[in-house]
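Hi,

Here is the structure I said I'd pass on. Have a look at it first, and my notes on what turned up are underneath.

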Amino acid sequence: MTRKHGDLAKTPRFFHIGRLAAHGAIRAYQLTLSSLAGSQCRHLPTCSDYMDEAIARHGLWAGGFMGLARLCRCHPWGTAGFDPPPKTRPPGSHWLRPWTYGRWRGPLSD
């Protein structure tokens, strides 16, 4: 059975709960802890917005690893600039190798 990414009408309710829980946790962070850390973000959209959009677009597993990879790139010697979540999953990525979902380092692609 082939599904389009983001087709929430045909996904099981269990996956909706995971995405909603992740969205709630990210939103809670944005409203509380984010203001304490200050606005030192090097990317646009911010890392929390990136992770929220990646999870909404690709699901909790793949989107979570994409967001984790983005957090690893966000440091003083890391990347900076406009870096939106990818529209499609990277070629060759597989759920058994979750590290293949994210771009862990290197320059931003054009």
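A quick word on terms before the notes: a helix here is a DSSP run of H or I with at least four residues, and helices are numbered from the N terminus. Also, keep in mind that this is a predicted model.

Helix 4 is where I'd start. It has 14 residues and reaches 20 Å from its first C-alpha to its last, close to the 20 Å expected at 1.5 Å a residue. Tryptophan 61 and phenylalanine 65 both sit in this helix, which covers residues 60-73, and because they are four residues apart, about one helical turn separates them.

Those two residues also make up the one aromatic pair in the structure. Their ring centres are 5.1 Å apart and the planes meet at 65°; the cut-off for edge-to-face is over 60 degrees, so that is what this pair is. Neither ring residue counts as buried: tryptophan 61 is partly exposed at 45% relative accessible area, and phenylalanine 65 is partly exposed too, at 21%.

What does get buried in helix 4? That would be Ala62, Gly63, Gly64, Met66, Gly67, Ala69, Arg70 and Arg73. As for their partners, the buried residues of this helix pack against strand 1 and helix 3.

One more thing to look at, between those two partners: proline 45 lies in the loop that runs between strand 1 (43-44) and helix 3 (47-58). The peptide bond leading into proline 45 from leucine 44 is cis, with omega near 0°.

Cheers

Terms used:
Residues are numbered from 1 along each chain as its sequence is written. This is a predicted model: local features need pLDDT of at least 70, side-chain atom pairs count only at pLDDT 80 or more; totals for chains, interfaces and linings use all residues. Side-chain values use heavy atoms; hydrogens and water are left out. Rings of Phe, Tyr and Trp (its six-membered ring) pair if their centres lie within 6.5 Å; planes under 30 degrees apart count as stacked, over 60 as edge-to-face and the rest as tilted. Helices (H or I, at least four residues) and strands (E, at least two) are DSSP runs, numbered from the N terminus. Buried means under 20% relative accessible area, exposed over 50%, partly exposed in between (1.4 Å probe, protein chains only). The expected span of a helix is 1.5 Å times one less than its number of residues. Contact means heavy atoms within 4.5 Å.
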